[in-house]
Amino acid sequence: MTNGMDALGDPTRRAIFERLAKGPTAVGELAAELPVSRPAVSQHLKVLKQAGLVMDRAEGTRRLYQLDPRGIGELRAYFDAFWMHALAAFKQAVETPQPEG
Amino acid sequence: MQATDSAVRREITVNATPERAFYVFTEQFDTWWPRSHKIGEADMAKAVIDPDAMRWYEVGVDGSTCDWGAILAYDPPRRLTLEWRIGGTWVIETDPAAISEIDVTFTPEGDATRVTLEHRHLDRHTEAEALRGAVGSEGGWPGLLKRYSDAVG
């Protein structure tokens with residue numbers, strides 16, 4: 001599975017993700033609003049879907065993309081980054097020579 | 001349905017014995033915990049993992065304490081399991097169904113120690129937030145990453 005943080009590391013995917021945070025949107029609308037081609041938008045959406053950040057649903061003849069409310073991709077990305085940061089600080093604390101009292 | 005893993009796992013190897021690694025993780029918790037990550041209204045004076053009370057919590061500069069959850073396992077120098085009773089916007093989580101767990105193991109590897117951290121049952125948080133309608137709202141989950149990157153800078 002694609003890591004959510006990696007998925008959001010790409011500026012275009014981040015822009016798509018932030019746009020979808022405002023509400024469900026079709027591929028064509030995303031392509032019109034962002035400086036990317038429609039096939040490129042579709043490719044980015046696929047990555048976001050695989051990371052559990054975004055879901056799609058059919059509405060009539062259109063396919064709408066939205067943030068996945070049950071998806072925990074973003075939360076995983078958040079905690080993955082949080083623990084990476086915290087454990088690095090932990091390692092530094094462990095390896096700092098301490099005068100034993 | 002997509003098969004989405006509801007845990008994150010991180011490993012780090014530290015140049016120390018498991019005893020020292022466990023000691024720094026727990027008794028010297030305050031020396032490495034990111035200061036920006038707290039839930040109390042007061043500035044944080046100290047972050048504490050307290051095996052006597054089997055709780056972990058923060059102490060504010062005004063003397064107030066904010067509970068972060070129970071210590072579920074305290075087994076030096078091998079294992080530490082903590083409840084994560086903190087909601088998405090760094091507030092105390094009051095919904096008992098929305099508590100995740102952090103499991104930390106310390107494994108000797110030669111002269112070093114491999115520290116493995118698993119934060120699991122994260123789906124419990126998202127389900128609770130979805131029920132509250134917090135997903136997609138200004139203070140909800142979509143703002144999390146941004147707040148995080150702001151905090152880490």
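**Exercise 1.** In this predicted model, work out which residues A:Val94 is in contact with, leaving aside its neighbours within four places in sequence.

*Solution.* Begin with the rule that two residues are in contact if their C-beta atoms lie within 7 Å. Applied to A:Val94, with neighbours within four places in sequence left aside, this rule gives B:Val14, B:Ala16, B:Arg20, B:Ala21 and B:Val24.

**Exercise 2.** Place A:Val94 in the largest nonpolar core, and find which elements each supply at least two residues of this core.

*Solution.* The largest nonpolar core holds 22 residues, and those touching the most other members are A:Phe90, A:Val94, B:Ala21, B:Val24, B:Phe25, B:Val104 and B:Val115. Turning to the elements, α5 (73-95) of chain A supplies at least two residues, as does each of α1 (18-26), β5 (79-84), β6 (100-109) and β7 (112-120) of chain B. A second, separate core has 21 residues, including A:Ala51, A:Leu67, A:Phe79 and B:Val8.

**Exercise 3.** Describe the secondary structure of chain B, and then find where in chain B confidence is highest and where it is lowest.

*Solution.* Chain B comes to 4 helices and 7 strands, which follow along the sequence the pattern β-α-α-β-β-β-β-β-β-α-α. For chain B the mean pLDDT is 81, with 76% of its residues reaching 70 or more. Confidence in chain B is highest in α1(B), at a mean of 97, and lowest in helix α4 (residues 144-152), at 44. Over residues 134-143 of chain B the pLDDT is below 50, although this stretch has 24 contacts in the model beyond near neighbours in sequence. For the complex, finally, the predictor gives an ipTM of 0.83 and a pTM of 0.69.

Note on methods:
Residues numbered from 1 in each chain as written. Chains lettered and ligands numbered in written order. Predicted model: local features only at pLDDT ≥ 70, side-chain atom pairs only at ≥ 80, totals over all residues. Core = buried A, V, L, I, M, F, W, Y, C linked by C-beta atoms within 7 Å. Buried ≥ 20, exposed ≤ 12 C-beta atoms within 10 Å, placed from the backbone. pLDDT = per-residue confidence, 0-100.
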